[in-house]
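Visitor: Please pick a single stretch between helices in this model and walk me through it slowly. Once I have my bearings there, I would like to follow how the neighbouring parts of the chain are packed.

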Amino acid sequence: MAAASSSSGSRRADNGYGASSQQPAGSRRRKGPGALATAYLVIYNVVMTAGWLVIAVGLVRAYLATGSYHNLYYAVEKPLKFFQTGALLEILHCAIGIVPSSVVLTAFQVMSRVFLTWAITHSVKEVQSEDSILLFVVAWTITEIIRYSFYTFSLLNHLPYLIKWARYTLFIVLYPMGVSGELLTIYAALPFVRQSGLYSISLPNKYNFSFDYYTFLILVMMSYIPLFPQLYFHMLHQRRKVLSPAEEQKKTE
């Protein structure tokens, strides 16, 4: 459902689709990363921005070549897996302290998307032709291009207002779009998981432990019910807090 921050000045609670919570102006700010760490983060975010741009171009080229939006996943499968998995480095960034975000929150956000990429889309081949995949792939792609661009320019202390605006506005559409695609894809995978027994462990076994992946996926889907509204309204609140001062200042000029 989400991805985590690589910006030195924000704490993530946005599910990867838009606004992130920032420290109030009057609160104590943590010291930013050193020059070497900043250089590394800039390179990381530039590479990730370029990677998601490659995915965007791949989607557009595949659509223009086929004239259909069906099965576009296959055109971007490899780069999607690579760059979405590359977000795992963001957990390390938090763990070593070069990004001031919660390790637990970041791990949850990053792993949720990695889980959907590998444990659902990759593992259940039958869902790869589902149109629902395009919903979250497009939502992720647009979000990540904006997100990593936002972090890059923030680290360079030169953030264009357009990118800031997009970061805190487009989630209004992208978040529901991405969540819908994720839920529909998991739902489509359920019959195949149940039939194949994928990743399930049944008794008896020497570990005296059982695990039903089908039931686990249902619980994952149910978790969206309390999480989606909380995160969505939190992001709307953050949008008002971040963009309103800039808009007021613009009106007075």
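Guide: Happy to. A helix here is a DSSP run of H or I that is at least four residues long, and helices are numbered from the N terminus. Please keep in mind that this is a predicted model. On that footing the chain has eight helices and zero strands, so the pattern along the sequence reads α-α-α-α-α-α-α-α.

Let us settle on the loop between helix 7 and helix 8, where Asn208 lies. Helix 7 spans 171-196 and helix 8 spans 213-252, with Pro204 in the loop between them. Walking from the helix 7 side, we can stop at Tyr199, also found in this loop. Tyr199 is not a glycine, yet its phi is positive, at about 60 degrees. Its relative accessibility is 44%, so Tyr199 counts as partly exposed.

Our next stop is the peptide bond from Leu203 to Pro204, which is cis, with omega near 0 degrees. Further along comes Asn208, another non-glycine residue with a positive phi, this time about 50 degrees. Asn208 has a relative accessible area of 64% and is therefore exposed.

Now let us step from the loop to the helices on either side of it. Helix 7 and helix 8 are among the elements that give two or more residues to the largest nonpolar core, together with helix 1, helix 2, helix 4 (103-122) and helix 5 (132-155). Helix 8 supplies the largest share of this core, with eleven residues. The core has 50 residues in total, and those with the most contacts inside it are Trp52, Ile186 and Val193. Ile186 is a good place to zoom in: leaving aside residues up to four places away in sequence, Ile186 touches Leu116, Ile120, Leu217, Val220, Met221 and Tyr224. There is also a second, separate core of seven residues, including Ala37, Val42, Val99 and Leu155.

While we are in helix 8, have a look at Arg239, which lies in this helix. Its relative accessibility is 22%, so Arg239 counts as partly exposed. The C-alpha atoms of Arg239 and Tyr168 are 5.3 Å apart, although 71 residues separate the pair in sequence.

Trp52 leads us to the other end of the chain, since this residue is part of the contact between helix 1 and helix 2. Helix 1 (residues 35-66) and helix 2 (residues 73-86) pack at an angle of about 160 degrees, with axes 9 Å apart. Angles over 145 degrees count as roughly antiparallel, and these two helices are therefore roughly antiparallel to each other. Helix 1 passes helix 2 in a left-handed crossing. From helix 1 the contact includes Tyr44, Val47, Trp52 and Ile55, and from helix 2 it includes Val76, Pro79, Leu80 and Phe83. Sorted by type, the residues of this contact are twelve nonpolar, four polar and no charged.

Finally, zoom out to the whole chain. Of its 253 residues, 45% count as buried. Among contacts with a separation of 6 or more, 76% join residues 24 or more positions apart.

Definitions and conventions: Residues numbered from 1 in each chain as written. Predicted model: local features only at pLDDT ≥ 70, side-chain atom pairs only at ≥ 80, totals over all residues. Heavy atoms only, no water. Axes fitted to C-alpha atoms, helices over the stretch in contact; angles between N-to-C directions. Parallel < 35°, antiparallel > 145°, perpendicular 65-115°, else oblique. Left-handed = near helix turned anticlockwise from the far one by under 90°. Contact = heavy atoms within 4.5 Å. Nonpolar A, V, L, I, M, F, W, Y, C, P; charged D, E, K, R; others polar. Buried < 20%, exposed > 50% of the residue type's maximum accessible area, 1.4 Å probe, protein only. Core = buried A, V, L, I, M, F, W, Y, C linked by side-chain atoms within 4.5 Å.
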